[in-house]
Amino acid sequence: MDRRARHLLIVEDNHSLRQMLTWEFEDLGYRVTSVDCCSTALAAAGRVPLDLALLDYNLPDGCGTELTVQLRAMYPDLQIVICSGRTNGESIDPALCRFEPKPVTAKKLHGLFQSLGKPVPN
């Protein structure tokens, strides 16, 4: 099993939630890049190789599903989870990403990333 730290991109416009998730995922052994919008996420994705992405559905400059398509063009095997407290996920294509309703814990998301098939930190 690959034990190197997986690189997670967190895209969340709520500063407090983004910071909390960053700390929790770092404590779980991930390398984390966290940003607040789609344009910054795409810039970050162009600078660092990513393994995983955790996206908010509603972002200031777009929608998490639109960002999913753009990230997949850059990283076809990227594991992506979209979270939202404002939608039930019915409009999200499960072939593109996984949907989880908010609130959701980093521990639950860590388990979800493990179940998606690629090794992640223990």
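Trainee: Why is C38 called buried?

Mentor: This is a predicted model, so keep in mind that we are reading computed values. C38 has a relative accessible area of 7%, and buried means under 20%, so C38 earns the word.

Trainee: What makes C83 buried or exposed?

Mentor: The same kind of check works here. C83 comes out with a relative accessible area of 5%, which is under the 20% cut-off, so C83 is buried.

Trainee: And how do you know how many disulfides there are?

Mentor: The count is zero. A pair of cysteine sulfur atoms has to lie within 2.5 Å to qualify. For C38, the closest cysteine sulfur belongs to C37 and sits 6.8 Å away, so that is too far for a bond. For C83, the closest one is in C97, at 9.8 Å, and that is too far as well.

Trainee: Okay, on to the rings. How many aromatic pairs are there?

Mentor: The structure has three. One of them joins F25 and F113, with ring centres 6.2 Å apart and planes at 55°.

Trainee: Why is the pair of F25 and F113 called tilted?

Mentor: Ring centres have to lie within 6.5 Å to pair at all, and planes under 30 degrees apart would be stacked while those over 60 would be edge-to-face. With 6.2 Å between the centres the pair counts, and 55° falls between those two limits, so it is tilted.

Trainee: What makes that pair a tie between parts of the chain?

Mentor: Look at where the partners sit. F25 is in helix α1, residues 15-27, and F113 is in helix α4, residues 106-115, so the pair ties together parts 88 residues apart in sequence. Both F25 and F113 are buried, too.

Trainee: Which aromatic pair does Y30 form?

Mentor: Y30 pairs with F113, again tilted, at 6.3 Å centre to centre and 55° between the planes. Y30 lies in the loop between α1 and β2 (31-35), while F113 is in helix α4, so this pair ties together parts 83 residues apart in sequence. Put the rings together and F25, Y30 and F113 are linked into a cluster.

Trainee: How do you know whether Y30 and F113 are buried or exposed?

Mentor: Y30 has a relative accessible area of 4%, and F113 is at 0%. The line is drawn at under 20%, so both residues are buried.

Trainee: Let's talk charges. How many salt bridges are there?

Mentor: Five. Among them is the one between R6 and D51, where the closest N and O atoms are 3.4 Å apart.

Trainee: What makes R6 and D51 a salt bridge?

Mentor: The cut-off is within 4 Å, and their closest N and O atoms are at 3.4 Å, so the pair passes. R6 is in the segment before β1 (7-11) and D51 is in the loop between α2 (38-47) and β3 (52-56), which puts them 45 residues apart. Both R6 and D51 are buried.

Trainee: Which salt bridges does E100 form?

Mentor: One goes to R98, with the closest N and O atoms 3.8 Å apart, and another goes to K108, at 3.1 Å. Both distances are within 4 Å, so both count.

Trainee: Why are R98 and K108 called partly exposed?

Mentor: R98 has 37% relative accessibility and K108 has 49%. Exposed starts over 50% and buried is under 20%, so both fall in between. E100 itself is at 8%, so E100 is buried.

Trainee: Where is M20, and what makes M20 partly exposed?

Mentor: M20 is in helix α1. Its relative accessible area is 34%, between the two limits, so partly exposed is the right label. M20 and A106 are 86 residues apart in sequence and 9.0 Å apart in space, C-alpha to C-alpha.

Trainee: Last one: which residues touch the most other members of the largest nonpolar core?

Mentor: That core has 22 residues, and the ones touching the most other members are L9, V11, L55, L67, L71, I80 and I82. β1, α2, β3, α3 (64-74) and β6 (79-84) each give two or more residues to this core. The largest share, four residues, comes from α2. There is also a second, separate core of 15 residues, including L54, V81, L109 and F113.

Terms used. Residues numbered from 1 in each chain as written. Predicted model: local features only at pLDDT ≥ 70, side-chain atom pairs only at ≥ 80, totals over all residues. Heavy atoms only, no water. Buried < 20%, exposed > 50% of the residue type's maximum accessible area, 1.4 Å probe, protein only. Phe/Tyr/Trp six-rings, centres within 6.5 Å; stacked < 30°, edge-to-face > 60°. Salt bridge = Lys/Arg side-chain N within 4 Å of Asp/Glu carboxyl O. Core = buried A, V, L, I, M, F, W, Y, C linked by side-chain atoms within 4.5 Å.
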